[in-house]
Amino acid sequence: MKTRRLIYFVMVGVVISAAVLLTAQNPGSSAQDVRITNGPVIERADSTSATIAWSTNQPSSSRIYYATDASNLTEFAESEYSRDASHRVEIRGLKPNTTYFFQIQSARGQGSNSARGAGVMRFRTPGAGEQPIRNQKAEVYLKENYGSGKVRITNGPVV
């Protein structure tokens with residue numbers, strides 16, 4: 001009885017391992033891959049809120065990670081799943097005359113491939129009494145490969 005169970009678990013393990021390996025080598029069909037096709041754009045930003053918009057190649061979720069520290073995007077805002085490829089997320093509770101860093105993300109579903117924006121972007125909220133920002137292209141602050149572990153040592157180390 002123990003031998004049969006052991007063989008069964010080994011066979012199940014092999015099937016699971018093969019499925020994981022195939023998934024890793026072919027992470028979904030192109031129908032599941034979400035790509036950002038336009039934006040992000042700061043549609044509107046006043047002293048306490050901002051609405052950021054972008055487009056993807058297919059319907060997907062909309063999420064923005066943001067903070068005042070570019071290397072620590074710990075806050076997030078999201079909107080409901082979009083039935084089209086247009087995305088719009090409002091961030092509330094911002095401080096006036098403050099620079100915010102953010103990165104956009106869209107995905108088809110839990111566990112599916114997700115698309116992130118081309119790096120960390122930034123915008124500044126207007127000060128109290130200043131005119132709101134409208135339809136401004138987001139400024140790239142850090143390119144996508146920042147922090148990806150692709151570091152090339154060009155000199156040293158020196159003792």
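This talk covers one sheet, its salt bridges and two residues of strand S6 in a predicted model.

Let's start with the sheet. It is open, and four strands build it. Their order is S5-S2-S1-S9, and the pairing is antiparallel. Which strands sit at the edges? They are strand S5, residues 86-92, and strand S9, residues 133-137. Each of these two pairs on one side only. Neighbouring strands in this sheet are turned against each other by 20° on average, with direction ignored. As a reminder, strands of a sheet pair through backbone hydrogen bonds, either parallel or antiparallel.

Now look at the pair in the middle of that order. Strand S1 covers residues 36-45, and strand S2 covers residues 49-56. The two run antiparallel and pair over six bridges. Take Ile36 as a place to look. Its bridge partner in S2 is Thr56.

Next, the salt bridges. How many does the structure hold? The count is six. I will show you three, including one between Glu43 and Arg88.

In that pair the side chains meet at 2.7 Å, N to O. Glu43 belongs to strand S1 and Arg88 to strand S5. They lie 45 residues apart, so the salt bridge links distant parts of the chain. How accessible are the two partners? Glu43 has a relative accessible area of 22%, so it counts as partly exposed. Arg88 is at 46%, and that also makes it partly exposed. The cut-off for exposed is over 50%, and for buried it is under 20%.

Second, Glu78 and Arg63. Their side chains meet in a salt bridge of 2.8 Å, N to O. This pair, too, links distant parts of the chain. Glu78 is in strand S4, residues 75-79, and Arg63 is in strand S3, residues 62-67. The separation is 15 residues. Glu78 is partly exposed, at 47% relative accessible area. Arg63 is partly exposed as well, at 23%.

Third, Arg92 and Glu90. Here the closest N and O atoms of the salt bridge are 3.2 Å apart. Is Arg92 buried or exposed? Its relative accessibility is 62%, so Arg92 counts as exposed. Glu90, at 38%, is partly exposed.

Now to strand S6, residues 99-107. Please find Ser106 there. Its relative accessibility is 0%, so it counts as buried. What does the side chain of Ser106 touch? One partner is the side chain of Trp54, through a polar contact of 2.9 Å. Another is the backbone oxygen of Ser61, which the Ser106 side chain reaches at 2.9 Å. Arg35 is worth a look as well. Ser106 and Arg35 are 71 residues apart along the chain, yet 8.1 Å separates their C-alpha atoms.

Stay in strand S6 for Gln105. Gln105 is at 13% relative accessibility, so it counts as buried. Its side chain makes a polar contact with the side chain of Tyr65, at 3.4 Å.

To recap, three stops. The open sheet has the order S5-S2-S1-S9. The salt bridge of Glu43 and Arg88 links strand S1 with strand S5. And in strand S6, Ser106 is buried, with a polar contact to Trp54.

Key. Residues numbered from 1 in each chain as written. Predicted model: local features only at pLDDT ≥ 70, side-chain atom pairs only at ≥ 80, totals over all residues. Heavy atoms only, no water. Pairing = 2+ DSSP bridges. Axes fitted to C-alpha atoms, helices over the stretch in contact; angles between N-to-C directions. Salt bridge = Lys/Arg side-chain N within 4 Å of Asp/Glu carboxyl O. Buried < 20%, exposed > 50% of the residue type's maximum accessible area, 1.4 Å probe, protein only. Polar contact = N/O pair within 3.5 Å; in protein donor to acceptor, adjacent residues only side chain to side chain.
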